[in-house]
Amino acid sequence: MPKRRDAAAARLVPAGEAARALGFSLDTLRRWDREGRIRCVRDHANRRAVPVSEIERLSGRPPGLKTGTRLSARNRLAGVVRKVEADGVVALVEIEAGPYLLAAVITRDAVEELGLVPGVKATAAVKATSVMVERS
């Protein structure tokens, strides 16, 4: 049976992968570590590893969305609920995500369980086997 990695170890990235993610060489990462420009930790074999938070800090990109659950959907659009229309067992929920307005038909129970009302922050996670693309 394989060993399970603890949560702290899962949030560390080997130095080589971290350097690639940041777009520079491993030598630069080592130098930055010595200069204190990046925070590295050492494993039991004295190899450098970089916390994900450091990669996010130095990349200049916004951190990935944290949903609190593990989902396979990779297309996530964070926004604000603009309208909820419940009728019977279903509800139409409109989410404004940046310049986009998304509409989702979900159950009334889901609306109530999630507390979806206008003004609430929400994320639309999209996983589709069929996506239509229109040329602009």
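# A walk through two sheets

Start by selecting Val80 and Lys121: Lys121, in strand β7, is the bridge partner of Val80. Strands here are DSSP runs of E with at least two residues, helices are runs of H or I with at least four, and both are numbered from the N terminus. This is a predicted model, where local features need pLDDT of at least 70, side-chain atom pairs count only at pLDDT 80 or more, and totals for chains, interfaces and linings use all residues. Residues are numbered from 1 along each chain as its sequence is written, and side-chain values use heavy atoms, with hydrogens and water left out.

**The four-stranded sheet**

Now widen the selection to β4 and β7, which pair in the antiparallel sense over six bridges; two strands count as paired if DSSP finds at least two bridges between them. Add β5 and β6 and you have an open sheet of four strands in the order β6-β5-β4-β7, with antiparallel pairing. At its edges sit β6 and β7 (121-126), each pairing on one side only. Look along the sheet for the twist, which averages 45 degrees from one strand to the next; angles run from 0 to 180 degrees between N-to-C directions, with axes as lines fitted to C-alpha atoms, for helices over the stretch in contact.

Stay on β7 and pick Thr123. Its C-alpha atom is 9.1 Å from that of Val81, although the two residues are 42 apart along the chain. Thr123 is partly exposed, at 40% relative accessible area; on this scale buried means under 20%, exposed over 50%, and partly exposed in between (1.4 Å probe, protein chains only).

Next, follow the hairpins. Strand β4 (residues 75-87) joins β5 (residues 90-97) through seven bridges, running antiparallel, and one pair to click is Glu85 with Leu92 in β5. Two residues lie between these strands, and Gly88 in the turn has a positive phi of about 70 degrees. Move on to β5 and β6, which pair antiparallel over eight bridges; Glu94 has Ala103 in β6 as its bridge partner. This hairpin also has two residues between its strands, and Gly98 takes a positive phi near 65 degrees.

Before leaving, select Val89, Val90 and Val105: they form a nonpolar patch on the surface with about 290 Å² of accessible area together. A patch takes residues with over 30% relative accessible area and no salt bridge, joining like charges within 9 Å and nonpolar side chains (Val, Leu, Ile, Met, Phe, Trp, Tyr) within 5 Å. Areas come from the Shrake-Rupley method with a 1.4 Å probe, and for residues only the protein chains shown count as cover. Val105 is in strand β6 (residues 100-107) and counts as exposed at 63% relative accessibility.

**The three-stranded sheet**

Swing over to the other open sheet, with three strands in the order β1-β3-β2 and antiparallel pairing. Its edge strands are β1 (12-14) and β2, each pairing on one side only. Two bridges hold the antiparallel pair β2 and β3; Val41 has Ala49 in β3 as its bridge partner. Helix α4 (residues 52-59) packs on this sheet, touching β1 and β3, with its direction at about 65 degrees to that of β3. Contact here means heavy atoms within 4.5 Å. Show helix α2 (residues 15-22) as well: it lies across β1 and β3, at about 95 degrees to β1.

What is odd about the phi of Asn46? It is positive, about 70 degrees, although Asn46 is not a glycine. Most residues other than glycine have a negative phi. You'll find Asn46 in the loop between β2 (41-42) and β3 (48-51).

**Charged pairs**

Switch to sticks for the salt bridges, each a side-chain nitrogen of Lys or Arg within 4 Å of a carboxyl oxygen of Asp or Glu. The count comes to ten. Among them is Asp43 with Arg47, at 2.8 Å from N to O; Asp43 is partly exposed at 30%, and Arg47 is partly exposed at 48%.

In helix α3 (residues 26-35), Asp27 and Arg30 are about one helical turn apart because they are three residues apart; their closest N and O atoms are 3.1 Å apart. Then try Arg108 and Glu112, whose side chains meet at 3.8 Å, N to O. These two are four residues apart in helix α5 (residues 108-114), so about one helical turn separates them. Finish on Arg31, Glu35 and Arg37, which are linked in a network of salt bridges.
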